[in-house]
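Here is a short tour of a single protein chain, written with a computational chemist in mind. Please have the viewer open as you read.

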Amino acid sequence: QVQLVESGGGLVQAGGSLRLSCAASGTIFSINRMDWYRQAPGKQRELVAAITSGGTTNYADSVKGRFTISRTNANNTVYLQMNSLKHEDTAVYYCNADVRVSAWSGLSEYWGQGTQVTVSS
């Protein structure tokens, strides 16, 4: 089994910062891409940031320049540093990972339970 556990969410004022963490554990051979998604009330889940096993990153236009995704491959952990937070960043943030559970397995996608980020204004 594979588990993704997010942490770091909370309530902040506009302009503040938060750092989200997601730790993957379980039977894992390797993790390729790790992503952060978010879903605000009444809106579809959207990709916020992604990072490949090689360190290539991409961001949603709405967070570009404010958020930074990083990962520690050895620890199977991905981070999302969120600066200059805006009210519209309020959402449940979900960690996502493409995981290979063994050397002979293909990639499977796993999700964390989500962590609430609320930005007041």
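Which residues does Lys86 touch, not counting residues up to four places away in sequence? Lys86 touches Arg66 and Val119, where contact means heavy atoms within 4.5 Å.

Before going further, a word on the basis: this is a predicted model, in which local features need pLDDT of at least 70, side-chain atom pairs count only at pLDDT 80 or more, and totals for chains, interfaces and linings use all residues. Residues are numbered from 1 along each chain as its sequence is written, and side-chain values use heavy atoms, with hydrogens and water left out.

**Overall fold**

The chain has eleven strands and zero helices; both are DSSP runs numbered from the N terminus, with helices being H or I of at least four residues and strands E of at least two. The radius of gyration is 14 Å, close to the 14 Å that the globule rule gives for 121 residues, so the chain is as compact as a globular protein of that length. That radius is taken over C-alpha atoms, and the rule is 2.2 Å times the number of residues to the power 0.38. Along its principal axes, the C-alpha trace spans about 50 × 25 × 25 Å. Among contacts with a separation of 6 or more, 55% are between residues 24 or more positions apart.

**The core**

Buried residues make up 42% of the 121 residues; buried means under 20% relative accessible area, exposed over 50%, and partly exposed in between (1.4 Å probe, protein chains only). The largest nonpolar core has 31 residues, and those with the most contacts inside it are Trp36, Leu80, Met82 and Tyr93. Such a core is a set of buried Ala, Val, Leu, Ile, Met, Phe, Trp, Tyr and Cys residues joined through side-chain atoms within 4.5 Å. The largest share of this core, five residues, comes from β9. Leaving out residues up to four places away in sequence, Leu80 touches ten partners, including Trp36, Val48, Phe67, Ile69 and Tyr93.**Four residues to look at**

| Residue | Location | Relative accessible area |
|---|---|---|
| Ser21 | strand β3 | 18%, buried |
| Lys86 | loop between β8 and β9 | 36%, partly exposed |
| Ser84 | loop between β8 and β9 | 41%, partly exposed |
| Gln113 | loop between β10 and β11 | 71%, exposed |

Ser21 touches Val5, Glu6, Ser7, Trp36, Val78 and Tyr79, again not counting residues up to four places away in sequence. Gln113 touches Leu4, Glu6 and Tyr94 when residues up to four places away are left out. The C-alpha atoms of Gln113 and Asp98, 15 residues apart along the chain, are separated by 16 Å. For Lys86 and Gln13, 73 residues apart along the chain, the C-alpha separation is 8.1 Å.

Most residues other than glycine have a negative phi. Ser84 is not a glycine, yet has a positive phi of about 50 degrees.

**The largest pocket**

The largest pocket has a volume of about 190 Å³. On a 1 Å grid over the protein atoms alone, a pocket is an open set of points where a 1.4 Å probe fits, with protein on both sides within 12 Å along at least five of seven lines; lining residues have an atom within 4 Å of a point. Grid points are joined across faces, edges and corners, and the volume is the space filled by probe spheres set on the points. Of the 14 lining residues, the closest to the centre are Arg38, Ala40, Lys43, Glu46 and Glu88. The lining divides into two nonpolar, five polar and seven charged residues. Here Ala, Val, Leu, Ile, Met, Phe, Trp, Tyr, Cys and Pro count as nonpolar, Asp, Glu, Lys and Arg as charged, and the others, Gly among them, as polar.
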